[in-house]
Amino acid sequence: MLAKGKGGIDMSLKYTKLEKVSLKDYYDEKWLQSIIEEDPGLIGLGDDVVIIAKEKKQSTGGRIDFLLNDPETETMYEVEVQLGATDESHIIRTIEYWDIERRRFPSKDHKAVIIAEEITNRFFNVIALMNRSIPIIAIQLNAVKIEDKISLNFTKVLDIYEEPEDEENLGGDVVDRGYWENRSNQKSIDLVDELVTLTKEIYDSPRVTYNKHHIALGTQRKNFAWFHPRKKEGYCYFDIRVGKENIAKVKGIFEEAGIPFNPKKEDIFGIPLQASVFKNNKTIIAKLFQDACALNK
């Protein structure tokens, strides 16, 4: 029998405090490469990615840590890993290898990927600026020690920048819900519904408009969020107006939580949201939508 506490809560699971450690104090990059090679899905680029090459020699004389391919999306990832904090040479190498491979395989979509234990604020800002012209994904690696074992967690802190459109004016023809259900995954639509529900907690009648180019969410006065549910299961890209005065605060919250985002206009963030990220950060995202709604009432 499982032990039950007040309210029928399972009390058999014991709390343990996790100890975050620096992986370079225990292993080298070769070890990390072997872990990724065994299960490339760990780094969060999708379960279907396969390794095309490891430590592939480049024409410049360097070696790319991993060249990955997603056969479903025809996307190749040029991946560089680094223990400790990222630095200038890490960024330069990653971009250089991305450029070489995209010219070698021009029919593919190419994305540069930086993996490091620490993406410092300085280099995060540099990468974010480059992300507007070069498709760069930044992944932070966290190592946690549990007794005599180490667990690894990979979190996207910067995803691909999607060129901002004038969402306020670019809606296209008005369509119905069925239009979006046919062009995206049902679980991605469910994610939109959950985000709308969060808004209802402070605003009884949010206005949802199904347009050809996006699903708009707003008050009766003004739209403040624009959704793009995808065919990928449980994935929705959305833009949200947070207000100029809240940019720094929201940016800090996202960075702390490890939620990827793209700064767009002076008061708008773009969020590539997956269902798992939503589940783990529901309180933060709920506050984001409720504040945005209140700002535009």
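Student: What share of the contacts in the chain with a separation of 6 or more comes from residues 24 or more positions apart?

Tutor: In this predicted model, such residues account for 60% of those contacts. A contact here requires heavy atoms within 4.5 Å.

Student: Why is the chain called as compact as a globular protein of its length?

Tutor: The secondary structure comprises eight helices and 13 strands. The radius of gyration is 21 Å, and the globule rule gives 19 Å for 297 residues; the two values are close, so the chain is as compact as a globular protein of that length. Along the principal axes, the C-alpha atoms fill a box of roughly 60 × 60 × 40 Å.

Student: What makes asparagine 281 buried or exposed?

Tutor: Its relative accessibility is 13%, and buried means under 20%; asparagine 281 therefore counts as buried. Of the 297 residues of the chain, 46% count as buried.

Student: Where is asparagine 281 found, and which residues does asparagine 281 touch, not counting those up to four places away in sequence?

Tutor: Asparagine 281 lies in the loop between α7 (275-280) and α8 (282-295). With that sequence limit applied, asparagine 281 touches Ala257 and Ile259.

Student: What do carbon and sulfur atoms supply of the area that the chain exposes?

Tutor: The chain exposes about 15600 Å², and carbon and sulfur atoms supply 50% of that area.

Student: How many Å apart are the mean positions of the positive and negative charges of the chain?

Tutor: The chain has 43 positive and 50 negative charges, and their mean positions are 3 Å apart.

Note on methods. Residues are numbered from 1 along each chain as its sequence is written. This is a predicted model: local features need pLDDT of at least 70, side-chain atom pairs count only at pLDDT 80 or more; totals for chains, interfaces and linings use all residues. Side-chain values use heavy atoms; hydrogens and water are left out. Helices (H or I, at least four residues) and strands (E, at least two) are DSSP runs, numbered from the N terminus. The radius of gyration is taken over C-alpha atoms; the globule rule is 2.2 Å times the number of residues to the power 0.38. Buried means under 20% relative accessible area, exposed over 50%, partly exposed in between (1.4 Å probe, protein chains only). Accessible areas come from the Shrake-Rupley method with a 1.4 Å probe; for residues, only the protein chains shown count as cover. Lys and Arg count as positive and Asp and Glu as negative; His and the chain ends are not counted. The place of a charge is taken as NZ of Lys, CZ of Arg, CG of Asp or CD of Glu.
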